[in-house]
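Q: I would like to learn how to read a structure like this one feature by feature. Could we go through it together, with the general idea first and the particular case after it?

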Amino acid sequence: MSKKYQITCLPGDGIGPEIVEATKVVLNAVAAKFGFILQFNDYAFGGAGIDKYGNPYADEVRNAVLNCDAVFLGSVGGPKWDNAEVRPEAGLLAMRKSLDVFANVRPLQVVGALTAHSPLKKEIAEGVDLVIVRELSSGAYFGTPRHLNETDALDSITYTQEEIDRVVHYAFQMAEKRRKKLCSVDKANVLASSKLWRKRVLAIAEKYPSVEISHEYVDAMAMHLITRPKDFDVIVTENLFGDILSDEASVLGGSLGVLPSASFNSKGPFLYEPAHGSAPDIAGRGIANPIATMLSGAMMLRYSFSENEAADLIEAKIAEMMQENRLTVDLNRENPLTTNAFTAELIKKIETR
Ligand SMILES: NC(=O)c1ccc[n+]([C@@H]2O[C@H](COP(=O)([O-])OP(=O)(O)OC[C@H]3O[C@@H](n4cnc5c(N)ncnc54)[C@H](O)[C@@H]3O)[C@@H](O)[C@H]2O)c1
């Protein structure tokens, strides 16, 4: 009997359905090759959830999210719902919270053809190989009290020791398996939450003597990421800083369309999604770059299903597409492939490996 994995699939809005559909084709192709079955169970989520259920994260969807082997998401949001009572993005935050995913992992490598697309000089960008570990379940996006009045507004950044410790341990363990360098980013010269963050990182560092630890303030880190990105291996930071820094890092490779992500909790199911949004400006035109979503799919095969060979094959063949500059318009203006043409060429490579 072939192994069968149940995936709760949330295509979402904008380019989400297009890039998820393309990714399903690729994942099913490797599944057939390696003899396992992926059962995708699709649900309306985000803006599509508002249209179908009047709720971006309906109870039926929540139930499916909490009872599966992995959750696979496209992206949510768009101008259609900008004035909705509850916005699609609120569904995303609620979904992450319900899964209690606390570590969002975004790996970034600038290799091959991507170097030429980087906004940075070749000698600065080439060879960047870093991972951002962003705390995902607490901080400014969830903190209370909060309010918005006519003439004043309040947000709160809250962190407990436990919330900091679990993501920091996760980042140290990841650094141990990589180049053994961890950079913790905070604003400990000003913010109370950052002072606690730094204190806990220093305490936890003693348990990981093989990892070289450094600390940067977030404002300095914003500069280092574009002046010396190769100096970094694993970067760990709190939710708001991680949101901003990971978007900054994502364009080092020339396009937001290539950055995957995985979000982990203590016992699964884990969540996989591209780092970019729903790109309403290009939705429906068949030109979206599916690489970030496909690489998120590869991460799902590796981290949720331990189908490592299948994950390796997807990553290797996408790297070949990059080397050969067989890419969508965000990365190849002269001779672009559509989303479907990219997918078809990739499938051909996978099938004739
Ligand atoms: N996780 C998510 O679902 C998520 C994340 C960020 C933003 N959003 C939402 O997405 C909507 C649009 O937000 P935004 O414009 O700030 O960010 P975005 O990431 O959707 O787009 C930013 C720019 O990058 C381009 N881009 C993004 N992904 C691409 C891809 N795969 N291929 C080619 N080009 C790509 C877009 O065309 C756009 O020019 C908003 O409603 C926002 O709230 C959702």
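Q: Does Ile 291 count as buried or exposed, and why?
A: A word on the source comes first: this is a predicted model. The general idea is to count the other C-beta atoms around a residue, and 20 or more within 10 Å make it buried. Ile 291 has 28 C-beta neighbours inside 10 Å and therefore counts as buried. The residue belongs to helix 11, which covers residues 291–303, and once its neighbours within four places in sequence are left aside, Ile 291 is in contact with Gly 257, Val 258 and Ile 318.

Q: Why does Thr 352 count as exposed?
A: The count is read in the other direction here, since a residue is exposed if 12 or fewer other C-beta atoms lie within 10 Å. Thr 352 has 7 such atoms within that distance and is therefore exposed. Thr 352 lies in the segment after helix 13, and its C-alpha is 57 Å from that of Pro 145, a residue 207 places away in sequence.

Q: How should I describe the way helix 12 and helix 13 pack, and at what angle?
A: One reads the angle between the helix directions together with the separation of their axes. Helix 12 (residues 308–323) and helix 13 (residues 339–351) pack at about 125°, with their axes 10 Å apart. Angles over 145 degrees would count as roughly antiparallel and those from 65 to 115 as roughly perpendicular, so helix 12 and helix 13 are oblique to each other. Their crossing is right-handed. On the helix 12 side the contact is made by Leu 313, Lys 317, Ile 318, Glu 320 and Met 321, and on the helix 13 side by Glu 345, Leu 346, Lys 349 and Ile 350. By type, these contact residues divide into five nonpolar, no polar and four charged.

Q: How many strands form the open sheet, and in what order?
A: A sheet is read by following the pairing from strand to strand rather than by following the chain. Here ten strands form an open sheet with mixed pairing, in the order 2-1-3-12-11-4-5-10-8-9. Strand 2 (36–42) and strand 9 (212–217) are the edge strands, each pairing on one side only, and the twist from one strand to the next averages 25°.

Q: Which helix packs on the sheet and touches strand 1, strand 2, strand 3 and strand 12?
A: That is helix 1 (residues 16–34), whose direction makes about 160° with that of strand 2. Helix 8 (residues 192–205) lies across strand 8 and strand 9, and runs at about 160° to strand 8.

Q: Where do the side chains of strand 11 point?
A: In a regular strand the side chains alternate between the two faces of the sheet. In strand 11, Pro 260, Ala 262 and Phe 264 point one way while Ser 261 and Ser 263 point the other way, and all are buried.

Q: Which strands are joined to strand 11 by bridges?
A: Strand 4 is joined to strand 11 by three bridges, the two running antiparallel, and four bridges join strand 11 to strand 12, again antiparallel. Looking at single positions, Val 105 stands opposite Ala 262 in strand 11, whereas the bridge partner of Val 105 in strand 5 is Val 133. Ser 263 stands opposite Leu 271 in strand 12. The hairpin of strand 11 and strand 12 has five residues between the strands, and there Gly 268 takes a positive phi near 80°.

Technical notes. Residues are numbered from 1 along each chain as its sequence is written. This is a predicted model: local features need pLDDT of at least 70, side-chain atom pairs count only at pLDDT 80 or more; totals for chains, interfaces and linings use all residues. Axes are lines fitted to C-alpha atoms, for helices over the stretch in contact, and angles run from 0 to 180 degrees between N-to-C directions. Angles under 35 degrees count as roughly parallel, over 145 as roughly antiparallel, 65 to 115 as roughly perpendicular and the rest as oblique. A crossing is left-handed if the near helix is turned anticlockwise from the far one by less than a right angle, and right-handed if clockwise. Two residues are in contact if their C-beta atoms, placed from the backbone, lie within 7 Å. Ala, Val, Leu, Ile, Met, Phe, Trp, Tyr, Cys and Pro count as nonpolar, Asp, Glu, Lys and Arg as charged, and the others, Gly among them, as polar. Two strands pair if DSSP finds at least two bridges between them.
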